[in-house]
Amino acid sequence: MKVVTLSVILALAVSLSAAASVKLGNQDWELFKRTHGKNYTVVEDIIRLEIFLKNVEKIAEHNLRYEKGEVSYFLGMNQYGDLAHNEFVGQLNGYKSAGLAKKAARTFMKPENFQAPASLDWRTKGFVTPVNNQGPCGSCWAFAATGSLEGQHFRKTGNLVSLSAQNLIDCNHKNYGCDGGFMQFAYDYIKSNNGIDTESSYPYEARDFDCRYNAANVGATITGYEVLPSGDEDALVNALASAGPIAIVIDASHRSFQLYSGGVYVEPYCRNNNGDHTALAIGYGTEAGEDYFLVKNSWGTSWGDGGYIKMARNRNNMCGIATECVYPTV
């Protein structure tokens, strides 16, 4: 009789625990939807909830390892927590390689007798505009291209001007708009077009549209662009320190990148020669003994550390961070 009673008590406890977990999960889900303005049909809500709960579990498992000191970065829930990883990558990672196009540019050379500082953050010098949110459009290439040009324009003129990624999406026909692109083709367009419009005159819409460029609204021009030696992290440090923010290509195809929230990102499965996402390197430093590059992303401020990520430096070109790097000359 005691055995039966104990079995009943245990079964009831398990049932209550499961019910409490479901209730807690549903409460978190409702809060997530309110926070990020998500609305679904009844059927899609069930599907999205399942994805969300799996991501919550992934975050908890990884962060336990972080607390034990086994990994150097931690994860967190963000506006992409209801997306399956393959659809997340398909929507947001919009880099398309153009192969030999790089040969048209000059190659960066470290200035003579130049010594890069131990750490750098161009935000503190006024070179960096606020974090953008590309939304459901593979326009990372356009934001990286404009971000580097914004820094170069500030360096020359002392004026920080937000430039129009939408101008590039709509008018730069060598690239593919929201289906992806290549930042050097963006610079080819800006040079041949004699400029790019300001963000305020040609605001972002997160979709492909007809070209509405207006020469009266040009915010910056370029004379060309320079490409860094492929895979050379020291060259990236020296270019950052001597020139300014640099457009880069990285492998962002991992779930850990989707849910990154802070710390120095070290992903052992990252590829260093097959990037799928473009971003903007704006500095470098060291944290808790790990060297990093400071990178501005275009996924909004609720992703990462306020929209930024610290990507591992001096780890054999982790995630291909130094494989394809370019900045415009003005």
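This section describes the overall make-up of a predicted model, followed by selected helices, loop residues and internal spaces.

The chain contains 8 helices and 12 strands, and 52% of its 330 residues count as buried. Of the contacts between residues at least 6 apart in sequence, 76% join residues at least 24 apart. The accessible surface of the chain amounts to about 15,500 Å², and carbon and sulfur atoms account for 53% of that area.

Helix α2, spanning residues 42-67, comprises 26 residues. The distance from its first C-alpha to its last is 37 Å, which is close to the 38 Å expected at 1.5 Å a residue. The buried positions of α2 are D45, R48, L49, I51, F52, N55, I59, H62 and N63, a set in which the side chains of D45 and R48 are charged by residue class. Just after this helix, G69 adopts a positive phi of about 80°.

Helix α2 also takes part in the largest pocket, which has a volume of about 260 Å³. The lining of this pocket is made up of 15 residues, and those lying nearest its centre are K58, H62, R65, Y73 and E267. Among these, H62 is also one of the buried residues of α2. Both α2 and α8 (255-258) supply at least two residues each to the lining, and α2 gives the most, with 4 residues. By residue class, the lining of the largest pocket divides into 6 charged, 5 nonpolar and 4 polar residues.

A second helix, α6, is mostly covered, with 7 of its 10 residues buried. The residues concerned are M183, Q184, F185, A186, Y187, Y189 and I190. This helix is followed by N194, whose phi is positive, near 60°, although N194 is not a glycine. The residue is placed in the loop between α6 (183-192) and β4 (196-197), and with a relative accessible area of 59% N194 is exposed, because the cut-off for that class is over 50%. A positive phi, of about 55°, is likewise found at N316, which is not a glycine either. N316 is located in the loop between β11 (308-312) and β12 (325-329), and its relative accessible area of 72% places N316 in the exposed class as well.

Another loop residue, Y95, belongs to the segment between α3 (85-92) and β2 (106-107). In contrast to the two asparagines, Y95 counts as buried, because its relative accessibility of 8% falls under the 20% limit. Leaving aside residues up to four places away in sequence, Y95 touches C140, G181, F182, M183, V249, G275, D276, H277, T278 and E324. One of these partners, M183, is among the buried residues of α6. Y95 and D179, although 84 residues apart in sequence, are separated by 8.7 Å in space, C-alpha to C-alpha.

Attention then turns to the enclosed spaces. Rolling a probe the size of a water molecule over the atoms shows where empty space is left. The count comes to 2 cavities of 30 Å³ or more. The largest cavity holds about 80 Å³ of space, and its lining consists of N132, C140, F143, A144, G147, T278, A279, L280, K296, N297 and S298. The elements giving two or more residues to this lining are α4 (140-157) and β9 (277-287), and α4 contributes the most, with 4 residues. In terms of class, 5 nonpolar, 5 polar and 1 charged residue make up the lining of the largest cavity. Two of the lining residues, C140 and T278, also appear among the contacts of Y95.

The second largest cavity has a volume of about 40 Å³. It is lined by V249, I250, N272, N273, N274, G275, C319, G320, T323 and E324, which divide into 3 nonpolar, 6 polar and 1 charged residue. This lining, too, includes residues touched by Y95, among them V249, G275 and E324, so that the contacts of this buried tyrosine include residues from the linings of both cavities.

Note on methods
Residues numbered from 1 in each chain as written. Predicted model: local features only at pLDDT ≥ 70, side-chain atom pairs only at ≥ 80, totals over all residues. Heavy atoms only, no water. Expected span 1.5 Å × (residues − 1). Buried < 20%, exposed > 50% of the residue type's maximum accessible area, 1.4 Å probe, protein only. 1 Å grid on protein atoms, 1.4 Å probe; cavity = no way out; pocket = protein on both sides within 12 Å on 5 of 7 lines; lining within 4 Å. Points joined across faces, edges and corners; volume = space filled by probe spheres on them. Contact = heavy atoms within 4.5 Å. Areas by Shrake-Rupley, 256 points an atom, 1.4 Å probe, with all protein chains shown as cover.
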